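Me: I'd like to learn how to read a model like this one, feature by feature. Could you walk me through it?

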Amino acid sequence: MENKKLGFGLMRLPHKDGQIDYDETCRMVDLFLSSGFTYFDTAYAYEEGKSEMAARDCLIKRHPRDSFTIATKLCKLDDQSKMREELSVSLKRTEAGYIDYYLLHALSHRNIEAFDQQDIWGFVKKAKEEGLIRHYGFSFHDSPEFLDELLTKHPDVEFVQLQINYADWEANGIESRRCYEVARRHHKPIVIMEPVKGGALANPPKEGQDLFKAYDPKASFASWALRFAFGLDGVLAVLSGMSDYGQTLDNCRIAGNFVPLNEKEREILAKVQSMYAKSKEIPCTACSYCTKGCPMSINIPGIFKARNIALRNGALEAAKKAYEEAAKPGHGASSCIACGQCEGICPQGLKVISLLKECKAFFGH
Ligand code: SF4
Ligand code: SF4
């Protein structure tokens, strides 16, 4: 069964000599389109605008405008004058003419009051009337109750972007299932982000790997996660941040030959899900939203990744090596001055300060 829900996330594009590799990106884009997929996702803030520019040069200038849809995100929601400027920059950078899916980025109960004061809803409505955008929605990291409140207050919202994957389906703090059900109840198409949980589900715990491999030695671990997401009803796109041609090929094949999970496979997935529920790993998705504003330039996701290597497999030497690479002198876990910037922005709601203290205690500096 073919599945057209695969979406191309332009946030982790291939790099060469410190720049986005346009040749490789063009090949990936062409493969994606020729495989019958159409949804591309970028953001004003990805790679400081270079992602939107890559969308222009590798996609928009090279393919008919009606052969794809493009989504981008409004990130500065706390200042009315900057909103218009940001949308206009996104349109200029992409040269798309209009944005198909425009997202208010990362709404939560922590920021909504300030955003409401800036009339974000009036802004997107007007942009739609002016033909600058076709549809508006929001990306969301908060409770199902708050999602329900937002969608009740703003029934005109046309779609929502939610963090959904099998590991987070019942997880406290994310609650993928309940958020999904709220969106369905409000009849909103859903864009799924983090279907592979920032890559973590491509490398599940050892016992999970054994279960998957015993059932189907050929299937990649990521394919289990993608099939779970593809199998959900009411989904507009399942975003995968693609970073090389091989990964794009794999994703297109999984979606192109989509087979819904059968009962036995659902049982296996439920077992692995409970392994994640018991896991002590830090649920960082490596989105890097926290790093830009860190006054000590701490590579927070890199440090958490190193800690997770030890927590997942007890691979102490590999964890230490990863930590030394991530925690450059003066920028390790011990450099944190507890300013709290990262905790205010982390979509996963991580207690970064205390987690860094744990990392410092574990790695010794
Ligand atoms: S709390 Fe620590 S890690 Fe977070 S932004 Fe401040 S200095 Fe950086
Ligand atoms: S700590 Fe939070 S904001 Fe930072 S990379 Fe991880 S998930 Fe993203």
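What follows is a short conversation about cores, ligand shells and a few single residues.

Me: Before we dig in, what kind of model is this?

Reply: It's a predicted model, and local features are read only where pLDDT is at least 70.

Me: Fine. How do I start on the packing, and which residues touch the most other members of the largest nonpolar core?

Reply: The general idea is that in soluble globular proteins, nonpolar side chains tend to be buried together. Here the largest nonpolar core has 83 residues, and Phe-40, Leu-107 and Phe-138 touch the most other members. Helix α9, residues 221-230, gives this core its largest share, 8 residues.

Me: What does Phe-138 contact, once its neighbours within four places in sequence are set aside?

Reply: Quite a list. It includes Leu-103, Leu-104 and Leu-107, then Trp-121, and further along Leu-147, Leu-150 and Leu-151. Val-157, Phe-159, Val-160 and Gln-161 are contacts of Phe-138 too. There is also a second, separate core of 23 residues, with Ile-282, Ala-306, Cys-342 and Phe-363 among them.

Me: On to the ligands. How many residues surround ligand 1, and which are the closest?

Reply: When you read a ligand site, look at who lines it, then at what class they belong to. Ligand 1 has 14 residues around it, and the closest are Cys-294, Cys-336, Cys-339, Gly-340 and Cys-342. Two helices, α14 (341-345) and α15 (352-363), each supply at least two residues of that shell. By class, the shell holds 12 nonpolar and 2 polar residues, with no charged ones. Cys-342 links two parts of our talk: it is listed in the second core and beside ligand 1.

Me: And which residues are around ligand 2?

Reply: They are Cys-284, Thr-285, Ala-286, Cys-287, Ser-288, Cys-290, Pro-301, Phe-304, Cys-346, Pro-347, Gln-348 and Leu-350. That shell counts 9 nonpolar and 3 polar residues, and again no charged ones.

Me: How do the spaces taken by the two ligands rank among the cavities?

Reply: The space of ligand 2 is the largest cavity, and that of ligand 1 is the second largest.

Me: Now single residues. Is Leu-31 buried or exposed?

Reply: For this you compare the relative accessibility with a cut-off: buried means under 20%. Leu-31 counts as buried because its relative accessibility is 13%. Leu-31 sits in helix α1, residues 22-34. Beyond its sequence neighbours within four places, Leu-31 contacts Tyr-245, Thr-248, Leu-249 and Cys-252.

Me: What about Thr-94: where is it, and what does it contact?

Reply: Thr-94 belongs to helix α3, residues 80-94. With a relative accessible area of 1%, Thr-94 is buried. Its contacts, leaving out neighbours within four places in sequence, are Glu-52, Arg-56, Ile-60 and Ile-99.

Me: How should I use sequence separation against distance in space?

Reply: Put the two numbers side by side. Met-275, in helix α11, is 71 residues along the chain from Pro-204, with their C-alpha atoms separated by 9.1 Å. Met-275 also touches Pro-205, Glu-207, Gly-208 and Leu-211. Now take Ile-298 and Lys-271: they are 27 residues apart along the chain, and their C-alpha atoms are separated by 35 Å.

Me: Where is Ile-298, and what does it touch?

Reply: Ile-298 is in the loop between α11 (263-278) and α12 (300-313). Ile-298 counts as buried, at 2% relative accessibility. Not counting residues up to four places away in sequence, Ile-298 touches Thr-291, Ile-303, His-331, Gly-332, Ser-335 and Cys-336. Cys-336 is also one of the closest residues to ligand 1.

Me: Last topic, the backbone. What is phi at Glu-175 and at Ala-286?

Reply: Look at the sign, and at whether the residue is a glycine. Glu-175 has phi near 55°, a positive value in a residue other than glycine. Glu-175 lies in the loop between β8 (159-163) and α7 (176-185), and at 23% relative accessibility it counts as partly exposed. Ala-286 has a positive phi too, near 60°. The place of Ala-286 is the loop between α11 and α12, and Ala-286 is partly exposed at 39%. You've met Ala-286 already, in the list of residues around ligand 2.

Notes: Residues numbered from 1 in each chain as written. Chains lettered and ligands numbered in written order. Predicted model: local features only at pLDDT ≥ 70, side-chain atom pairs only at ≥ 80, totals over all residues. Heavy atoms only, no water. Core = buried A, V, L, I, M, F, W, Y, C linked by side-chain atoms within 4.5 Å. Buried < 20%, exposed > 50% of the residue type's maximum accessible area, 1.4 Å probe, protein only. Helix = DSSP H or I, 4+ residues; strand = E, 2+ residues; numbered from the N terminus. Contact = heavy atoms within 4.5 Å. Near = heavy atom within 4 Å. 1 Å grid on protein atoms, 1.4 Å probe; cavity = no way out; pocket = protein on both sides within 12 Å on 5 of 7 lines; lining within 4 Å. Sits in = over half its atoms within 2 Å of the grid points. Nonpolar A, V, L, I, M, F, W, Y, C, P; charged D, E, K, R; others polar.
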